[in-house]
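Please read the following report alongside the sequence and the coordinates shown below. The account begins with individual positions and then moves outward to the sheet, the chain as a whole and the ligand.

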Amino acid sequence: MKLKDRVAVVTGTSPNIGGGIAEGLAAEGAAIVAVDANEANARDCANYLKSQGSRAIGLTCDVTDEGQVKATVDTALKEFGRIDVLVNNAAFFNKKGVLDMPYDEWNRQTGVILGGAFLFTKYVAKAMVGKGGTIINIISTAGHQGEPGNIAYSTSKCGLLNFTRSAAMELVGHGIRVNSLTPTATDPSESFERAARWGRTVKKPESLDRVMKPFRDGIPMKKLPLPSDYGRAAVFLASDDSSMITGTDLRVDAGAIARYWAWEPKAGATL
Ligand SMILES: NC(=O)c1ccc[n+]([C@@H]2O[C@H](COP(=O)([O-])OP(=O)(O)OC[C@H]3O[C@@H](n4cnc5c(N)ncnc54)[C@H](O)[C@@H]3O)[C@@H](O)[C@H]2O)c1
């Protein structure tokens, strides 16, 4: 048990990536504080983990509301006495380009991704000072490349990469490590299976395999990562196994970012 007696706050605990990370950390012994603006996502994640014998609470919180963030961190500390791990995962998708995106939507999306990570880091890091801890920011391969038509998302994910480095330098003297984890287009099958385990009725859209095909075809490993793959990487960054690692990004992307732009994995040949 790599995280026995540790306490982890995970934001954005839908049955997809946040839920997969929360389950991964819990499987290594961590108590989980599942945080989500959507009450059901916080509650169902925590209830499932409790049903499996873990310690967990679900807290409803908008990561952009400073008062709610402070109250959530206070409640977590009251419940478990400490916070050792923070995973800033909450985000939402709103694919719009620079020519079309309304300014208020830009502010909201960058606010959730960057502002939410800033606020949770601020209040959790204050609680970690004097004790140490680890913080993991969830990026996206869209934060490493120029994705068209997704301007606020890819810009804020890129910003989160340097937030990670800057916060790592600010907090290194307090024994707090700050790293990021980069997922990419994710195999959706596991999130349906997880939602069902959480007691939800879910139906996989028939179009899903067709929608995901170009991603599977273009990725070097020819298969997409699962949320549980990110969960295991988060355990590494959260645990003492990574005790000499701070300010870095761990890509769990099946080779997506390493791919030379003109090479077509479909052909399976060199240029
Ligand atoms: N799904 C992918 O293919 C993919 C790829 C790369 C990176 N990511 C990143 O992984 C993370 C999780 O993605 P996902 O696919 O699981 O998304 P998701 O939509 O399933 O989960 C995001 C969760 O964040 C919550 N959330 C949104 N706004 C919030 C707010 N203001 N306050 C609190 N909670 C809020 C939502 O309610 C939701 O439960 C995100 O950071 C995303 O950018 C996802």
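## Two positions in helix α3

Phe-80 is found in helix α3, which covers residues 66-80; the model in which this helix appears is a predicted one. With 21 other C-beta atoms within 10 Å, where 20 or more are required, Phe-80 counts as buried. Leaving aside residues up to four places away in sequence, Phe-80 touches Val-7 and Ala-31. The C-alpha atoms of Phe-80 and Ala-8 are 9.9 Å apart in space, although 72 residues separate the two in sequence.

Lys-70 also has its place in helix α3. Lys-70 has 15 other C-beta atoms within 10 Å and is therefore partly exposed, since that class falls between 12 or fewer for exposed and 20 or more for buried. Lys-70 and Phe-120 lie 50 residues apart in sequence, while their C-alpha atoms are 8.0 Å apart in space.

## Strands β1 and β2

The two residues that Phe-80 touches, Val-7 and Ala-31, also face each other, as Val-7 stands opposite Ala-31 in β2. The strands concerned, β1 and β2, run parallel and are joined by 5 bridges.

Of the 6 residues of β2, 6 are buried, so this strand is largely enclosed by the rest of the structure. In a regular strand the side chains alternate between the two faces of the sheet. In β2, Ala-31, Val-33 and Val-35 point one way, whereas Ile-32, Ala-34 and Asp-36 point the other way, and all of them are buried.

## The sheet as a whole

The sheet is open and contains 7 strands, which are paired in parallel and follow the order β3-β2-β1-β4-β5-β6-β7. At its edges stand β3 (56-60) and β7 (249-251), each of which has a single partner strand, so one side of each is left without a neighbour in the sheet. From one strand to the next, the twist averages 20°.

Strand β4 (residues 85-88) pairs with strand β5 (residues 133-138) in the parallel sense, over 4 bridges, and Asn-88 stands opposite Asn-137 in β5. Helix α1 lies across β1 (7-11), β2 (31-36), β3, β4 and β5, and runs at about 175° to β1.

## The chain overall

The protein chain has 8 helices and 7 strands. Its radius of gyration is 18 Å, close to the 18 Å that the globule rule gives for 271 residues, so the chain is as compact as a globular protein of that length. Along its principal axes, the C-alpha trace spans about 55 × 40 × 40 Å.

Buried residues account for 46% of the 271 residues in the protein chain. When contacts between residues at least 6 apart in sequence are considered, 73% of them join residues at least 24 apart.

## Around the ligand

Which residues come nearest to the ligand? Of the 25 residues around the ligand, these are Gly-12, Ser-14, Asn-16, Ile-17 and Ser-140. The residues of this shell divide into 10 nonpolar, 13 polar and 2 charged.

Helices α1 (17-27) and α4 (103-128) each supply at least two residues of the shell around the ligand. Helix α1 is thus named in two settings, as a supplier of residues to that shell and as a helix lying across β1, β2, β3, β4 and β5.

Key: Residues are numbered from 1 along each chain as its sequence is written. This is a predicted model: local features need pLDDT of at least 70, side-chain atom pairs count only at pLDDT 80 or more; totals for chains, interfaces and linings use all residues. A residue is near a molecule or strand if its C-beta atom, placed from the backbone, lies within 6 Å of it. Ala, Val, Leu, Ile, Met, Phe, Trp, Tyr, Cys and Pro count as nonpolar, Asp, Glu, Lys and Arg as charged, and the others, Gly among them, as polar. The radius of gyration is taken over C-alpha atoms; the globule rule is 2.2 Å times the number of residues to the power 0.38. Two residues are in contact if their C-beta atoms, placed from the backbone, lie within 7 Å. Two strands pair if DSSP finds at least two bridges between them. Axes are lines fitted to C-alpha atoms, for helices over the stretch in contact, and angles run from 0 to 180 degrees between N-to-C directions.
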